[in-house]
Amino acid sequence: MSNEEKPYPSRLKKKNRSNSILNMMIGLVFTLILITGAFIFLDNGEENAAEPEKVEIASDTEQQTSEEDTNTTEDETATEEPTDTDTEADSETDAATEDTEAEATEEDSEAEETEEGTVTVGGKITREESNDPIVEETVINTSWEPVGTSQSGNHVSVYDKGSVDWNEKIKAISYATGLGEDNMYIMMIKNGGGPQKSIGVVQSKDQSQKYRVHLEWVDSEGWKPVKMDVLKTLDGAY
């Protein structure tokens with residue numbers, strides 16, 4: 001028999017185990033290489049497949065931009081048209097203008113009435129030319145009313161300055177002419193052709209307005225203006 005030594009069985013087992021582990025590691029590495037390659041291939045395929053979608057997205061973006069441009073154009077066109085707010089503002093402006101014109105007309109009418117010394121509430125004014133050379137016109141206003149009185153019993157016309165009857169005559173003259181009692185010179189008050197009739201001649205303190213007022217007494221109601229002459233001059237007025 002040969003004297004060559006044979007390996008022990010335990011050493012053979014360790015060598016076989018090492019070979020198996022090495023083979024497994026080689027297989028695992030190969031598997032990892034395959035998996036990595038597959039991922040790379042799939043990524044390249046997805047990128048190539050995604051390119052058409054990018055084109056479509058770009059088209060959608062262009063369409064959206066076109067729609068926005070169209071909407072912008074429509075908005076600009078709509079802006080040029082008058083809005084409800086503008087219409088309301090114009091209506092308010094027109095109404096304010098009409099109110100202003102109406103107020104101006106009313107003020108002019110009031111100024112004219114004051115200047116003419118007439119009251120037109122619920123009445124009719126008649127203006128007549130006069131044959132009297134000192135009279136510019138004769139005015140009759142059907143809205144004139146008695147001015148009231150504090151007197152009672154049988155009335156007796158009194159021409160004493162400061163008396164109750166005298167003061168009520170001045171009140172009636174002021175009412176007819178529109179002149180305030182503090183802006184009026186009493187030139188004369190005299191009998192008007194009867195016991196219950198009087199005539200008063202007055203002028204404004206700046207002497208620009210001159211009037212001759214005819215009065216009549218109304219029992220329990222006071223003196224009432226019935227006619228007024230607008231005078232050119234006081235010469236021959238009384």
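## Helix H3

In this predicted model, the length of helix H3 can be checked against a simple rule. At 1.5 Å a residue, its 14 residues should span 20 Å. The end C-alpha atoms of H3 are 20 Å apart, so the model agrees with the expected span. H3 covers residues 164–177. Just after the helix, Gly178 adopts a positive phi of about 85°.

H3 is mostly covered, with 10 of its 14 residues buried. Among the buried residues are Asp165, Trp166, Glu168 and Lys169. Ile170, Ala172 and Ile173 are buried as well. So are Ser174, Ala176 and Thr177, towards the end of the listed set.

## Overall layout

The protein contains three helices and six strands. Along the sequence, the pattern reads α-α-β-β-α-β-β-β-β. Of its 238 residues, 22% count as buried.

The accessible surface comes to about 17400 Å². Carbon and sulfur atoms account for 51% of that surface. Take the contacts between residues at least 6 apart in sequence: 47% of them join residues at least 24 apart.

## The sheet

Six strands form an open sheet in the order S1-S2-S6-S5-S4-S3. The pairing is antiparallel. S1 (125–128) and S3 are the edge strands, and each pairs on one side only. From one strand to the next, the twist averages 25°. H3 packs on this sheet and touches S3, S4 (197–204), S5 and S6. The direction of H3 makes about 115° with that of S3.

S1 and S2 form a hairpin, with six residues between them. Four bridges join these two antiparallel strands. One pairing puts Thr126 opposite its bridge partner in S2, Ile140. S2 comprises residues 135–141 and is joined to S6 by four bridges, again antiparallel. Here Val139 has Met228 of S6 as its bridge partner. S2 is mostly covered: five of its seven residues are buried.

## Nonpolar cores

In soluble globular proteins, nonpolar side chains tend to be buried together. The largest nonpolar core in this model has 19 residues. Those with the most contacts inside it are Ile173, Met184, Tyr211, Val213, Leu215 and Met228. Four elements give two or more residues to this core: H3, S3 (184–191), S5 (210–218) and S6 (222–231). H3 gives the most, with five residues. Another core, of seven residues, lies apart from it. Its members include Ile134, Val135, Leu234 and Ala237.

Val213 is one of the residues with the most contacts inside the largest core. Leaving aside neighbours within four places in sequence, Val213 contacts Ile173, Ala176 and Thr177, among others. These three belong to the buried set of H3. The contacts of Val213 also include Ser198, Ile199 and Gly200. Pro225, Lys227 and Met228 complete its list. Met228 is also the bridge partner of Val139.

## His214 and Lys232

Is His214 buried or exposed? At 17% relative accessibility, His214 counts as buried, because the cut-off for that class is under 20%. His214 lies in strand S5. Leaving aside neighbours within four places in sequence, His214 is in contact with Ser198 and Ile199. Its other contacts of this kind are Lys224, Pro225, Val226, Lys227 and Asp229. Ser198, Ile199, Pro225 and Lys227 are contacts of Val213 too.

Lys232 lies in the segment after S6. At 53% relative accessibility, Lys232 counts as exposed, because that class begins over 50%. Which residues does Lys232 contact, leaving aside its neighbours within four places in sequence? They are Pro133, Ile134, Val135, Glu136 and Lys210. Two of these, Ile134 and Val135, are members of the seven-residue core. Lys210 is 22 residues from Lys232 along the chain, yet their C-alpha atoms are separated by 7.0 Å.

How values were computed. Residues numbered from 1 in each chain as written. Predicted model: local features only at pLDDT ≥ 70, side-chain atom pairs only at ≥ 80, totals over all residues. Heavy atoms only, no water. Core = buried A, V, L, I, M, F, W, Y, C linked by side-chain atoms within 4.5 Å. Buried < 20%, exposed > 50% of the residue type's maximum accessible area, 1.4 Å probe, protein only. Contact = heavy atoms within 4.5 Å. Pairing = 2+ DSSP bridges. Axes fitted to C-alpha atoms, helices over the stretch in contact; angles between N-to-C directions. Areas by Shrake-Rupley, 256 points an atom, 1.4 Å probe, with all protein chains shown as cover. Expected span 1.5 Å × (residues − 1).
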